Structure formats: C-alpha cells, structure tokens
Amino acid sequence: MAPTASETPLAESNPGAEYSDMNFDCMFKILLIGNSGVGKTSFLLQYCEGKFNPAFVSTVGIDFKVKTVTVKDKRIKLQVWDTAGQERYKIITTQYYRHAMGFLVMYDITNETSFLDIRNWLSQVQQHSFGNAQIIIVANKSDLEDQRAVPTQRGKDLASELGYDFFEASAKTSDSVQSTFHALVSSICVQMADSVNDLEDKADTVPLNKSQASDSSCLC
C-alpha cells in the first residue's frame, strides 16, 4: 500500500538544485543494501532521475543521491545511500548504518542466493543500526519473469515472517519503484510521530533534554 507522498520535481535548468537546496523541514537518511548485482544502483537511479542504465557497474564502497519529496505539506530531503554488496566493503558500508532511518533490503528474483542472503543483511542492520529504523524487503527485476528463480510468494512469506513490508519491483520498467520509496518514507514519518507522542506522554514525569527535542522536531 503506497502512501500519499507527492514528489517535488527539480527545474531541469538547475540539475544540482537538490544538493544545494536548504528549503526543507527535515532530512531522512536511507540505505539500499543487498548482494552485488541485485540492482541497487539502477533502482536508485530510476527513483531519483527516472533513468535506467543497462550496463552493470559495480558500486565501489558507497555513493548517494538526494531527492526532495512532500508529505502532508512537509518538505523532506531524502539522502539515499547506495552501498556496495561485496564482502570486502562491509567494514566501510556498515559504518553508514548507524544513523539511517530506513533500509531497502533488496534481492534479485533471478538469483536465489541473493534471496537467501536477505537474513544476513537484516542481521547486519540489527547489529549496526539503531533499533527503530524502518525496513522494506524489495524483490527487484520483476521484468525478468522468464528467468525467475524466487517465486513472489517466498518473498512475501519471508517478509511476513519477519514483520516487514514487501514490494516486488523493476528498476528497468520503473514498476513499483516510486511506491517502494513512498512506503518507506511514510513508515519513517509514522514512526517519528509515534516516538514524539510517547515523549509527550512522559513529559510530565521525564523532562526532555535538548537532544530529544531536536530529534523529534520533524513530524510528518
């Protein structure tokens, strides 16, 4: 189920505007993780720029893109990090997990190993991120139905077992790419609102310090 989050397009004459634009209410840090080759870079490129590059170029270490969306009249800047899937980069990439507010944990429907490794990636998230980060499991490359190795139901069953939302999508055709990101942003907003409500409920007995007040300043 996709939330109502409307995108704020950039003027084509100023392609760098997203990076310099300071007119936003809050910023969410999101990570894409999963095995090498599952399509994380293509997924992010499709979301941020509406493009698909068929040439596979393995991400070296970590990279990111920025996109601004509007949710309930709040401008939210998304800092979306594309992480390398190779084992040799994990020491680098897991350092970025700590302050992430959301994760898209991705596998390739044509590669069963990438699906079986989802639990390992989730274990990394649990080990290195803070406890209330929002997570969605994403089955990418749904356009390659004739090469499918992982039935849709297996992905749904895994997500249901672990308590996460599930999307099957295609970075190539853009199917469900926007919906996946919108669902994650919506979940982060709900989680933040719930956290602030909890703090307000305790305000009579537990005084908020400056750090807590700052962390809860963005309500979607």
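Here is a short talk between a trainee and a mentor about the structure above.

Trainee: What should I know before I start?

Mentor: This is a predicted model, where local features need pLDDT of at least 70, side-chain atom pairs count only at pLDDT 80 or more, and totals for chains, interfaces and linings use all residues. Residues are numbered from 1 along each chain as its sequence is written, and side-chain values use heavy atoms, with hydrogens and water left out.

Trainee: How many helices and strands does the protein have?

Mentor: It has eight helices and seven strands. These are DSSP runs numbered from the N terminus, with at least four residues (H or I) for a helix and at least two (E) for a strand.

Trainee: Why is Glu168 called buried or exposed?

Mentor: Buried means under 20% relative accessible area, exposed means over 50%, and partly exposed is in between (1.4 Å probe, protein chains only). Glu168 has 19% relative accessibility, so it counts as buried.

Trainee: And what makes Lys51 partly exposed?

Mentor: Lys51 has a relative accessibility of 47%, so it counts as partly exposed. Glu49, at 38%, is partly exposed as well.

Trainee: How do you know that Lys51 and Glu49 form a salt bridge?

Mentor: The rule asks for a side-chain nitrogen of Lys or Arg within 4 Å of a carboxyl oxygen of Asp or Glu. For Lys51 and Glu49 the N to O distance is 3.6 Å, and a salt bridge is the result. By this rule the protein has seven salt bridges.

Trainee: What makes the salt bridge of Arg154 and Glu112 a tie between parts of the chain?

Mentor: Their closest N and O atoms are 2.9 Å apart. Arg154 lies in helix H6 (residues 152-162) and Glu112 in helix H4 (residues 112-116), so the pair ties together parts that are 42 residues apart in sequence.

Trainee: Why is strand E2 described as largely enclosed?

Mentor: Eight of the nine residues of E2 (residues 26-34) are buried, so the rest of the structure largely encloses this strand.

Trainee: How do you know that E2 pairs with strand E4?

Mentor: Two strands pair if DSSP finds at least two bridges between them. E2 and E4 (residues 74-83) have seven, in the parallel sense. One of the partners is Asp82 in E4, which is matched with Leu32.

Trainee: Why do we say that the buried residues of helix H5 line one face?

Mentor: In H5 (residues 118-128), the buried residues are Ile118, Trp121, Leu122, Gln124 and Val125. Seen down the axis of H5, they fall within an arc of 150°, so they line one face of the helix. That arc is taken from the directions from the helix axis to the C-beta atoms. Gln126 and Gln127, on the other side of H5, are exposed.
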